[in-house]
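The exercises below ask you to follow side-chain contacts through a structure, each with a solution worked out step by step. Please keep the sequence and the model in view as you read.

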Amino acid sequence: MAALLRRLAALRCSSSPWTGAVLRETLAPVLRGGAPLLAGDGAPLTACSRAHSRGQHMEVEVDVKRLEGEDDGIVEVLMCRPKARNALGYVFVSQLRNLVTALSSDSVAQVVVFRSLVPGVFCAGADLKERAGMNNAESDMFVHGLRTLMTQIASLPMPTIAAMDGAALGGGLELAMACDLRTAAYTAQMGLIETTRGLLPGAGGSQRLPRTVGIPLAKELIFTGKRLGGQAALEIGLVNRAVEQNQSGDAAHREALSLAREILPQAPVAVRLAKEAINRGMEIDMTSAMAIERMCYTRVINTQDRKEGMAAFLEKRPPRFTGE
């Protein structure tokens, strides 16, 4: 998959007239619902990219960028649907699902950061215009798909960070809560506002929020549809870090990168197994959870990284982990 992503990056930079045909051929094995997975080339992105096919264009609403140099191992998921404030519509969800599926088997990615390229918004939640055109059965199936997508994000093997520089409402906050860690600007607004629309959180929010901030507070926030700023979210433990917004409007993203850089030097296998132990252990009784911890610990003992960690300690030098 890493090779596929690199090939796609090279193709996207090409201006050849047959690029579209090659893209269709290359993407065929990973298409879901007709939306493509496109790989970023590591260069800074300031606007949404496009995939061209037979004279027509398809908006790339979710893209990926692999950082380089000292940040090698950090992958950014870029959300860019400006006209709809990154609302969770058909194309957006399909492209995000494809990307997450690819990342689930990516052994190179060590930390994944979810961020928005749309100023002032992380994700505004459901696409109500699209939802209005669905009948009850279609709406139920679409929300079920959202719930499955959030579970896929939560199940990614590497640590994930949501950088909320703007509004994260409804399904947008559910997306952020599916990540392991969250950063926010003080000016960001977040909340599960579904009850104000005659609904309830349907993409995991009714379950993840109580597990994050506690049952009584989660009930208050969901029952009232209250919105919180970054500072208030930090105080209740909804986000890990909150910072003053900067002039470029990307303070939460920068803080997310700072957090990712703290994770990056650690042993990749150990970090992934620690995430597995925590996630699986939280859903069961303590005795069973201890058994899971032992299983994960056993798997890390025979790694080269564990041996390197011991050697570095004895030799009083920084470890050089390879993820093996």
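**Exercises on side-chain contacts**

A search of the whole structure, which is a predicted model, finds 16 salt bridges. The exercises take up some of these salt bridges and then turn to an aromatic pair.

**Exercise 1.** Determine which parts of the chain the salt bridge between E61 and R81 ties together, and decide whether the two residues are buried or exposed.

*Solution.* Begin with the contact itself: the side chains of E61 and R81 meet with a distance of 3.6 Å from N to O, which falls within the 4 Å that a salt bridge requires. Next, locate the partners: E61 sits in the loop between β2 (56-59) and β3 (62-66), while R81 sits in the loop between β4 (74-79) and α3 (90-103), so the pair joins parts that are 20 residues apart in sequence. Then turn to accessibility, where both E61 and R81 prove to be buried. Finally, look beyond the pair, since E61 and R81 belong with D127 and E130 to a network of salt bridges.

**Exercise 2.** Place R241 and E262 in their secondary-structure elements, and classify the accessibility of R241 and of E262.

*Solution.* The closest N and O atoms of the salt bridge between R241 and E262 are 3.0 Å apart. R241 belongs to strand β12 (residues 241-243) and E262 to helix α10 (residues 251-263), so this salt bridge ties together parts that are 21 residues apart in sequence. For the classification, R241 has a relative accessible area of 21% and is partly exposed, and E262, at 43% relative accessibility, also counts as partly exposed.

**Exercise 3.** Find how far apart the closest N and O atoms of E308 and R317 are, and state whether these residues are buried or exposed.

*Solution.* In the salt bridge between E308 and R317, the closest N and O atoms are 2.6 Å apart. As for accessibility, both E308 and R317 are buried.

**Exercise 4.** Work out the geometry of the aromatic pair formed by Y90 and F142, and say which helices it ties together.

*Solution.* The structure holds 1 aromatic pair. The ring centres of Y90 and F142 lie 5.2 Å apart and their planes stand at 75°, so the arrangement is edge-to-face. Y90 lies in helix α3 and F142 in helix α5 (residues 136-154), so the contact ties together parts that are 52 residues apart in sequence. In the last step, Y90 counts as partly exposed at 45% relative accessibility, whereas F142 is buried, with a relative accessible area of 12%.

Key: Residues are numbered from 1 along each chain as its sequence is written. This is a predicted model: local features need pLDDT of at least 70, side-chain atom pairs count only at pLDDT 80 or more; totals for chains, interfaces and linings use all residues. Side-chain values use heavy atoms; hydrogens and water are left out. Helices (H or I, at least four residues) and strands (E, at least two) are DSSP runs, numbered from the N terminus. Buried means under 20% relative accessible area, exposed over 50%, partly exposed in between (1.4 Å probe, protein chains only). Rings of Phe, Tyr and Trp (its six-membered ring) pair if their centres lie within 6.5 Å; planes under 30 degrees apart count as stacked, over 60 as edge-to-face and the rest as tilted.
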